[in-house]
Amino acid sequence: GSQNGKNYTSARINTRDRFAFRYGRIEARIKMPKGQGLWPAFWLMPQDNAYGTWAASGEIDIVEATNPGSTGGNTIFGVLHYGGQWPNNVSSGETYAVSTDITADFHTYVLEWDQAEIRWYVDSILFAVQNTWFTTAAPFPAPFDKPFYILLNLAVGGNLPGPPSASTVFPATMEVDYVRVYSGNP
């Protein structure tokens with residue numbers, strides 16, 4: 001069957017207008033789906049676009065994976081989007097190959113965020129640190145000095161993973177055991 005003329009549909013949940021935070025630690029225990037064309041993500045977006053539309057007000061990708069357990073293997077990435085409004089936006093991030101199967105087991109993905117630095121961990125292993133970013137609208141530490149809300153989603157297809165293949169099993173599930181936020185500065 002099809003959904004709105006498309007072969008696939010996907011789900012996204014978020015805390016916009018219900019919960020947003022600034023600074024602290026956020027973590028989730030997630031078991032990634034397996035398959036070509038899948039793009040699971042645990043990420044943050046600005047509650048208010050104080051510095052303009054995307055990506056001038058920032059985006060924080062805590063963990064993403066493309067084609068996990070398929071062509072993407074066990075590679076995850078943590079990325080910041082910032083700079084100007086699209087198309088004058090930039091991004092910077094790191095990829096990391098997790099030592100065990102991200103689709104077979106739960107792993108704990110953590111972001112530590114303070115005014116001057118953002119750190120990414122998987123299973124207590126630090127895999128990325130960023131402390132330089134900017135927005136065209138205000139001085140550092142903008143745009144990552146405002147409250148952000150949480151998103152969890154599993155996209156299907158798109159430019160990054162490409163389309164699903166005949167071997168991709170549906171329905172696909174990104175299993176989330178929990179999300180915890182430890183924030184000292186709302």
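# Exposure and the model

A residue is buried when its relative accessible area is under 20%, exposed when that value is over 50%, and partly exposed in between. These words are used below for a predicted model, and every value was computed from it.

The residue S99 illustrates the upper class. S99 sits in the loop that connects strand 7 (89-97) with strand 8. Its relative accessibility is 72%, and S99 therefore counts as exposed. Between the C-alpha atoms of S99 and T75 there is a separation of 9.2 Å, although these positions lie 24 residues apart in chain numbering terms, that is, they are 24 residues apart along the chain.

# Strand 3 and its two partners

Strand 3 (residues 24-31) pairs with two other strands. With strand 8 it forms 7 bridges in the antiparallel sense, and in this pairing A28 stands opposite Y109. With strand 12 (residues 175-182), strand 3 again pairs in the antiparallel sense, over 7 bridges. Here K31 of strand 3 faces E175 of strand 12 as its opposite residue.

# Salt bridges

The structure holds 8 salt bridges. Two of them connect strand 3 with strand 12. In one, the side chains of R29 and D177 meet with an N to O distance of 2.8 Å. R29 belongs to strand 3 and D177 to strand 12, so the salt bridge, as defined by side-chain atoms within 4 Å, links parts of the chain that are 148 residues apart. R29 has a relative accessible area of 29% and is partly exposed; D177, at 42%, is partly exposed as well.

The other involves E175 and K31, whose closest N and O atoms are 3.8 Å apart. These residues lie 144 residues apart, with E175 in strand 12 and K31 in strand 3. Because its relative accessible area is 34%, E175 is partly exposed. For K31 the relative accessibility is 22%, which again means partly exposed.

What is the exposure of the two residues in the salt bridge between D114 and R119? The closest N and O atoms of this pair are 3.4 Å apart. D114, with a relative accessible area of 28%, is partly exposed, whereas R119 is buried because its value, 17%, falls under the 20% limit. Through shared partners, salt bridges join R25, E27, E112, D114, E117, R119 and R180 into one network.

# Strand 4 and its neighbours

Strand 4 (residues 38-46) is mostly covered, with 8 of its 9 residues buried. An antiparallel pairing of 9 bridges joins strand 4 to strand 11 (residues 148-156); within it, L154 is the bridge partner of P40. Strand 4 also runs antiparallel to strand 5 (residues 59-64), to which 4 bridges join it. In that pairing F42 stands opposite V63.

In a regular strand, the side chains alternate between the two faces of the sheet. This general pattern is a useful background for the next two sections, where residues of strand 4 reappear.

# Nonpolar cores

Which members of the largest nonpolar core touch the most other members? They are L44, I60 and W113, in a core of 33 residues. At least two residues of this core come from each of strand 3, strand 4, strand 5, strand 6 (75-83), strand 8 (107-113), strand 9 (118-122), strand 10 (125-130) and strand 11. Strand 11 gives the largest share, 4 residues. In soluble globular proteins, nonpolar side chains tend to be buried together.

Neighbours within four places in sequence aside, W113 is in contact with F21, R22, Y23, G24, L44, I60, I118, F144, K146 and F148. Another core, of 5 residues, lies apart from the largest one; A41, W43, M45 and L151 are among its members.

# The largest pocket

The largest pocket contains about 170 Å³ of space. Its lining consists of R12, W39, A41, W43, E59, D61, E64, H81, N153 and A155. Strand 4, strand 5 and strand 11 are the elements that give two or more residues to this lining. A41 and W43 appear both in this lining and in the core of 5 residues.

Notes. Residues are numbered from 1 along each chain as its sequence is written. This is a predicted model: local features need pLDDT of at least 70, side-chain atom pairs count only at pLDDT 80 or more; totals for chains, interfaces and linings use all residues. Side-chain values use heavy atoms; hydrogens and water are left out. Buried means under 20% relative accessible area, exposed over 50%, partly exposed in between (1.4 Å probe, protein chains only). Two strands pair if DSSP finds at least two bridges between them. A nonpolar core is a set of buried Ala, Val, Leu, Ile, Met, Phe, Trp, Tyr and Cys residues joined through side-chain atoms within 4.5 Å. Contact means heavy atoms within 4.5 Å. On a 1 Å grid over the protein atoms alone, a cavity is a set of points where a 1.4 Å probe fits but cannot get out, and a pocket is an open set with protein on both sides within 12 Å along at least five of seven lines; lining residues have an atom within 4 Å of a point. Grid points are joined across faces, edges and corners, and a volume is the space filled by probe spheres set on the points.
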